[in-house]
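Visitor: I should like to learn how the features of a protein model are read, beginning with burial. Could we take them one at a time?

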Amino acid sequence: MSHPTTTTVHAADEVLLGFTRALRAAGVAVTQDRAQGFLAAVAAVGVDDRQATYWAGRATLCASPDDLARYDQVFAAWFDPRDGLPRAQPREASRPASAHLLPDAEGAGGGGEGEEDLVRAKASAAEVLRHRDVASLDAAERRRLAGMFVRLSLRPPTRRTARHRAWHRGEVDASRTLRNSLRQLGEPGEIAWRRRGVRPRRVVLLVDVSGSMSAYADALLRLAHRLTQSARTTGGTVETFTIGTRLTHVTRALRTPDADRAIVAAGEVVPDWSGGTRLGETLRVFLDRWGQRGLARGAVVVVFSDGWERGGAELLGEQMARLQRVAHRVIWVNPHRGKAGYEPLQGGVLAALPHCDDFLAGHSLATFADLTEVIARA
C-alpha cells in the first residue's frame, strides 16, 4: 500500500499536468521540459501555496509576453474555486496541505485507484455539462460552465490577398527567376515560385439580447469574449454588436481580459437588455452605419437569435439579403435548432433562412465549439 503523502503528491502532479495541457490547448507553447520544470518549481515552493504556484508556472511555462494573458485566464479557470474545476476545497485538519489542488478532497489518502476513478468521474461530469442546454443550468452549473469557455479557441478564417509572396511551389515567379539568372550572367538559375498571400478574415458577431434570448445572453457574450481574446492572439479581428430594440457596439468592453469584468462592462453599455426584438430595424442600422463602411464587407457574419421578430418579417428578409451581398459568409445560430422536434416556423427565421449560408444550433458549449470550426473553415 502506498504512503498517503506519496499518493497525494502524485494526484497533485496529475492536476498540475492537467493545467499544462489546458495551457497548451489555449495556445501557449508548453513543452515537456517546461512542464517538468513547472512541477519541480512547485515542489520547491510548496504545492499548498496558490500564489507561489501561480508565479512558479508564470516563470516556467510562459515564453513570451503574448503568453501572459492566456496564462492568467487559464490559471483562473483551473484553480479558481468559482467554477468547479480542480480548485481550492475547504481544508480540514486531517487533510494534507496539498489537497486544495485536487479535484476533490475525498479519498486523498486512500489509494491511486480511487483517485483515478474520481478524476474520471469529474471528466465525465464535465463532458455531460458541455452538452447541456445553457438555459437549463442552475447558478452553480453556470459558474462551472463559465470556467470551461477558456478551452474554446478560434482559428480565424483567412482570405487571399492581391500581393504574392515567395513559396516553395505554386506559380512561377518570372521576375525573380529572371533576376536569379542575371546574377549568374545569363546562365539558367533556380526557378522561383510564388503564391498569393493570406490574411485573417474579419468575424462579426450580432448577439440578440432580447427577452426571448435572455437565458442564453450571458453564455453568448462569454463566447464572444472568448473569441475576441483568442483572435487577438492569432492576429484576427472579432467585432461584436448586441441587437434587440437597438444596436450596441460592445467590442471595446469585450477586450477586457477578465471574462466576468468584460460581461459587466458590456451590460453597462447595453440599454435594451431583455427588451423587445426588432431584428430588421437593428440590422438595417448595422448595415447603414457599419456594413456599408466596410466592417461587414468580406467578413464572416454570425447572427445569434431565435428569430422572434416584433416588426415585419419582410424588412428582416430585405436586410438579410443586403447582408448576404456584402458579407463573405452569413451564419445564423439559433439556440433551439439542436432541440428535438424543433422546426423553423418563426416568421423571422423563415425570412432570414434563404439568405444564410449556415443554420446552426447554439444552446451548449459543444455547439459553440462546432460553430468555431465552421467559422474557421469559412
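Guide: Let us begin with a term. A residue is called buried if its relative accessible area is under 20%, exposed if that area is over 50%, and partly exposed in between. Please keep in mind that this is a predicted model.

Visitor: By that cut-off, is Glu239 buried or exposed?

Guide: Glu239 has a relative accessibility of 10%, and because buried means under 20%, it counts as buried. Its side chain meets that of Arg255 in a salt bridge, at 3.9 Å from N to O. Glu239 belongs to strand β5 (residues 238–243), whereas Arg255 lies in the loop between α9 (251–254) and α10, so the pair ties together parts that are 16 residues apart in sequence. Arg255, at 39% relative accessibility, counts as partly exposed.

Visitor: How is a salt bridge recognised, and how many salt bridges does a search of the whole structure find?

Guide: The criterion is a side-chain nitrogen of Lys or Arg within 4 Å of a carboxyl oxygen of Asp or Glu. The search of the whole structure finds 9 salt bridges. One of them joins Asp260 to Arg222, with the closest N and O atoms 2.8 Å apart. Asp260 lies in helix α10 (residues 259–269) and Arg222 in helix α8, so this pair ties together parts that are 38 residues apart in sequence. Asp260 is partly exposed, with a relative accessible area of 29%, while Arg222 counts as buried at 14%.

Visitor: Which residues are linked with Arg222 in a network of salt bridges?

Guide: Asp218 and Asp260 are linked with Arg222 in such a network. Elsewhere, the side chains of Arg322 and Asp288 meet in a salt bridge at 3.2 Å, N to O. Here Arg322 is in helix α12 (residues 313–326) and Asp288 in helix α11 (residues 279–291), so parts that are 34 residues apart in sequence are tied together. Asp288 counts as partly exposed, at 46% relative accessibility.

Visitor: How should one read a helix, taking α8 as the example? How many of its residues are buried?

Guide: The general idea comes first. An α-helix has 3.6 residues a turn, so residues three or four places apart point the same way. In this structure, α8 covers residues 214–234, which is 21 residues. From its first C-alpha to its last it reaches 31 Å, close to the 30 Å expected at 1.5 Å a residue. The helix is mostly covered, with 15 of its 21 residues buried. Just after α8, Gly235 takes a positive phi of about 85°.

Visitor: Turning to sheets, in what order do the 6 strands of the open sheet stand?

Guide: For a sheet, one reads the order of the strands and then the sense of each pairing. The order is β6-β5-β4-β7-β8-β9, and the pairing is mixed. At the edges stand β6 (247–249) and β9 (358–361), each of which pairs on one side only. From one strand to the next, the twist averages 20°.

Visitor: Which pairings illustrate the mixed character of this sheet?

Guide: β5 and β6 run antiparallel and are joined by 3 bridges; Thr242 has Thr248, in β6, as its bridge partner. By contrast, strand β7 (residues 300–304) pairs with β8 in the parallel sense over 5 bridges, and the bridge partner of Phe304 is Val333 in β8. The chain passes from β7 through α12 to β8, in a β-α-β crossover that is right-handed.

Visitor: Why is strand β8 described as largely enclosed?

Guide: In strand β8 (residues 329–334), 5 of the 6 residues are buried, so the rest of the structure largely encloses it. β8 also runs parallel to β9, with 4 bridges between them; in β9, Leu360 is the bridge partner of Val333. Together β8, helix α13 (residues 347–352) and β9 make a right-handed β-α-β unit.

Visitor: Finally, where is His363 found, and which residues is it in contact with?

Guide: His363 is found in the loop between β9 and α14 (365–377), and it is buried, with a relative accessible area of 11%. Leaving aside neighbours within four places in sequence, its contacts include Arg132, Asp133, Tyr216 and Phe368.

How values were computed. Residues are numbered from 1 along each chain as its sequence is written. This is a predicted model: local features need pLDDT of at least 70, side-chain atom pairs count only at pLDDT 80 or more; totals for chains, interfaces and linings use all residues. Side-chain values use heavy atoms; hydrogens and water are left out. Helices (H or I, at least four residues) and strands (E, at least two) are DSSP runs, numbered from the N terminus. The expected span of a helix is 1.5 Å times one less than its number of residues. Buried means under 20% relative accessible area, exposed over 50%, partly exposed in between (1.4 Å probe, protein chains only). Two strands pair if DSSP finds at least two bridges between them. Axes are lines fitted to C-alpha atoms, for helices over the stretch in contact, and angles run from 0 to 180 degrees between N-to-C directions. A crossover is right-handed if, with the strands pointing away from the viewer, the path from the first strand over the helix to the second runs clockwise. Contact means heavy atoms within 4.5 Å.
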